[in-house]
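Here are my notes on the model you sent over. I've kept them to numbered points so you can follow along with the structure open.

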Amino acid sequence: LKAKKQAAKARVAKKAAAIKAKKAKKQEAVKAIRAKKAELKSSGPVSPFTLYVQKTAIKGKKANLSTQAAQWKTMTDAQKKPYVTEASKNLAKRNAIRNKQKKPAGKYALFMKKNFPAAYKAALKTTSDKKQAFKLATQAVAKKYKSQ
C-alpha cells in the first residue's frame, strides 16, 4: 500500500515537472519572439506619415491624429521629403534586420532553387497544364535530389 502511494506521488510529481518544463519552453519562445519584434521596431517608422506623426506629437499629450493627417495632406512634396528619405532609410534598416533574422536555406531548398526552373520548362513541354507541370517538375527534382 505504501509503495503504491509513493508510485502515485512520483507519477504526479513527474507530470507536474513535465507541465512546468513545457510552460518554461513556451515562455522562452514568447521572449524570443518579443526580442525579434523589439529589434525590428528599433529600426524606426517605415512610413513617412507615421514618422511625421511621431515627430510632431507633443510629448506628454495625446496626439490629435485627424489634425495631423489634415496637416500632412496640405504639405507639399518638398516639405514631406525629409520624412520620406528618413522613412526609406528606416525601411532599409528593417530589411537588413529581417535578412539577418532569417534562417539560412537548407540543402534541399538550395537544390530545388537551382534545378527547378529547368525541370519546370521541360515539364511544360510535355503538358500545357501549369499545375500538372509544376507537380511533374517537383517530383522530378525531388527524385533527382534523393538519387544523389
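1. A word on terms before the helix pairs: two residues are in contact when heavy atoms of theirs lie within 4.5 Å. Keep in mind, too, that this is a predicted model.

2. Let's start with helix 2 and helix 4. In helix 2, P48, L51, Y52, K55 and T56 do the touching, and their partners in helix 4 are Y83, V84, E86, A87 and N90. The two axes are 8 Å apart and the packing angle is about 110°. That makes helix 2 roughly perpendicular to helix 4, because angles from 65 to 115 degrees are counted that way. As for handedness, the crossing of helix 2 past helix 4 is right-handed.

3. Which residues of helix 2 are buried? They are L51, Y52 and V53. The buried residues of this helix pack against helix 3 (65–74) as well as helix 4. L51 and Y52 turn up again in a nonpolar core of seven residues, which also includes M75 and A87.

4. Helix 4 (residues 77–101) also packs with helix 1. Here the axes come within 9 Å and cross at roughly 155°. Helix 1 is therefore roughly antiparallel to helix 4, the cut-off for that being over 145 degrees. On the helix 1 side the contact uses K36, E39, L40 and K41, while helix 4 brings R94, I97, R98, K100 and Q101.

5. K41 is worth a click while you're there. This helix 1 residue has a relative accessibility of 67%, so it counts as exposed, the threshold being over 50%. K41 and R98 are 57 residues apart along the chain, yet their C-alpha atoms are separated by 11 Å.

6. Now S43, which sits in the loop between helix 1 (2–41) and helix 2 (48–56). Is S43 buried or exposed? Its relative accessible area is 3%, so it is buried, the limit being under 20%. The side chain of S43 has a polar contact of 3.1 Å with the side chain of R94. Leaving out residues up to four places away in sequence, S43 touches N90, K93, R94 and I97. R94 and I97 are also among the helix 4 residues that meet helix 1, and N90 is one of those that meet helix 2.

7. Q68, in helix 3, is another polar residue to look at. Its relative accessible area of 6% is under the 20% limit, so Q68 is buried. What does the side chain of Q68 make a polar contact with? The partner is the side chain of T56, at 2.9 Å. T56 is also on the list of helix 2 residues that meet helix 4.

8. Last, the largest nonpolar core. Its eight residues are F111, M112, F116, A119, A123, A133, A137 and V141. Helix 5 (107–126) and helix 6 (130–147) each contribute at least two of them, and helix 5 gives the most, with five. The seven-residue core from point 3 is separate from this one. For a close look at the larger core, try A123: setting aside residues up to four places away in sequence, A123 touches A133, L136 and A137. As general background, nonpolar side chains tend to be buried together in soluble globular proteins.

Definitions and conventions:
Residues are numbered from 1 along each chain as its sequence is written. This is a predicted model: local features need pLDDT of at least 70, side-chain atom pairs count only at pLDDT 80 or more; totals for chains, interfaces and linings use all residues. Side-chain values use heavy atoms; hydrogens and water are left out. Buried means under 20% relative accessible area, exposed over 50%, partly exposed in between (1.4 Å probe, protein chains only). A polar contact is a pair of N or O atoms within 3.5 Å; within protein, one must be able to donate a hydrogen and the other to accept it, and residues adjacent in sequence count only if both atoms are side-chain atoms. A nonpolar core is a set of buried Ala, Val, Leu, Ile, Met, Phe, Trp, Tyr and Cys residues joined through side-chain atoms within 4.5 Å. Axes are lines fitted to C-alpha atoms, for helices over the stretch in contact, and angles run from 0 to 180 degrees between N-to-C directions. Angles under 35 degrees count as roughly parallel, over 145 as roughly antiparallel, 65 to 115 as roughly perpendicular and the rest as oblique. A crossing is left-handed if the near helix is turned anticlockwise from the far one by less than a right angle, and right-handed if clockwise.
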